[in-house]
Amino acid sequence: MRLIVILISFLFTSDIFTSVGSFTLSAQVERSLTVNIEKNFVMNYIQDLKIYPKFFPDVVSVRSLNETDSEWIYKVEAPLAPAYNLIFILQNKSTGDTLTFESTDKEKDYLYCRSVIEQISETKTKVSFIFKISITREKASDIHFLAGVLGEKFLSERMKEKLEDDLETFISKAIKDMYIARRTSAK
């Protein structure tokens, strides 16, 4: 009986059910590739916000709010829980050959997308992508009812794996579309 009282006491005072501080999931992925298309065409293509919901899995929509800000809706699917959408307001902080979109809110839901465009030759361009995402909540259960049990590290690793797969899918589909768009514009 005493063991049961100790276990119950532990469960109600442990970090699984209560929150001390906050609970954060985060992931960062990077990928570079080279395409046989001139730099200006690649730059214009990647700046087009319509390609992100079209080719990036779980990006539901991207809507321009003004000259610098856009609203990105990202669908989160977790096992044993209904999917829900996160809304990110991103500010375009692009300069020169670097396209950068970064969340205006760096505390709760953060999204960062950067593409560095580098001309290799007249018709060859290198593109380097960096995507970062983080979700912070007061309690683990605000993210998922099992988040406290599974832990930040484990869930962040799963988030990174998912983001890597999503980036691969985006690159694969966007490159095919970019080559088609390039051929179409050359006619």
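Which residues form a nonpolar patch on the surface? They are Val149, Leu150 and Phe154, and together they have about 260 Å² of accessible area. Phenylalanine 154 belongs to helix 5. With a relative accessible area of 37%, this phenylalanine is partly exposed.

Before going on, a caution: what you have in front of you is a predicted model.

Now the overall layout. The chain has five helices and seven strands. Along the sequence, they follow the pattern α-β-α-α-β-β-β-β-β-β-α-α. There are 187 residues in the chain, and 37% of them count as buried. The accessible surface of the chain is about 11,200 Å², with 54% of that belonging to carbon and sulfur atoms. On contacts, take those between residues at least 6 apart in sequence: 56% of them join residues at least 24 apart.

Next, the aromatic rings. A pair of aromatic rings is described by two things, the distance of the centres and the angle of the planes. With rings pairing if their centres lie within 6.5 Å, the count is seven aromatic pairs. One of them is tyrosine 52 with tryptophan 72, a tilted pair at 5.1 Å centre to centre, with 45° between the planes. Tyrosine 52 is in helix 3, residues 51-55, and tryptophan 72 is in strand 3, residues 69-76, so this pair ties together parts that are 20 residues apart in sequence. Are these two residues buried or exposed? Tyrosine 52 has 4% relative accessibility and therefore counts as buried. Tryptophan 72, at 3%, counts as buried too.

Another pair is phenylalanine 129 with phenylalanine 170. Their ring centres are 6.0 Å apart and their planes stand at 85°, so this pair is edge-to-face. Phenylalanine 129 sits in strand 7, residues 124-137, while phenylalanine 170 sits in helix 5, residues 152-186, so the parts tied together here are 41 residues apart in sequence. Both phenylalanine 129 and phenylalanine 170 are buried.

These two pairs belong to one cluster. Ring pairs link Tyr52, Phe56, Trp72, Phe101, Phe129, Phe131 and Phe170.

Rings also appear beneath charged groups. Where does lysine 132 lie? Lysine 132 is over the face of tyrosine 112, at 4.8 Å from the ring centre. A second case involves arginine 182, whose charged end sits over the ring of phenylalanine 41, 5.4 Å from the centre of that ring.

Two acidic residues to finish. The first is aspartate 58, in the loop between helix 3 and strand 2, the latter being residues 59-64. Aspartate 58 is not a glycine, yet its phi is positive, at about 75°. Its relative accessibility is 15%, so aspartate 58 counts as buried.

The second is glutamate 71, found in strand 3. Glutamate 71 has 15% relative accessibility and so also counts as buried. What is glutamate 71 in contact with, leaving aside its neighbours within four places in sequence? The list is Ser61, Val62, Arg63, Leu65, Ile87, Phe88 and Ile89. For isoleucine 89, there is a backbone distance to add: its C-alpha atom and that of glutamate 71 are separated by 4.6 Å, with the two residues 18 apart along the chain.

Conventions. Residues numbered from 1 in each chain as written. Predicted model: local features only at pLDDT ≥ 70, side-chain atom pairs only at ≥ 80, totals over all residues. Heavy atoms only, no water. Phe/Tyr/Trp six-rings, centres within 6.5 Å; stacked < 30°, edge-to-face > 60°. Helix = DSSP H or I, 4+ residues; strand = E, 2+ residues; numbered from the N terminus. Buried < 20%, exposed > 50% of the residue type's maximum accessible area, 1.4 Å probe, protein only. Lys NZ or Arg CZ within 6 Å of the ring centre and 35° of its normal. Contact = heavy atoms within 4.5 Å. Areas by Shrake-Rupley, 256 points an atom, 1.4 Å probe, with all protein chains shown as cover. Patch = residues over 30% accessible without salt bridge, like charges linked within 9 Å, V, L, I, M, F, W, Y side chains within 5 Å. Salt bridge = Lys/Arg side-chain N within 4 Å of Asp/Glu carboxyl O.
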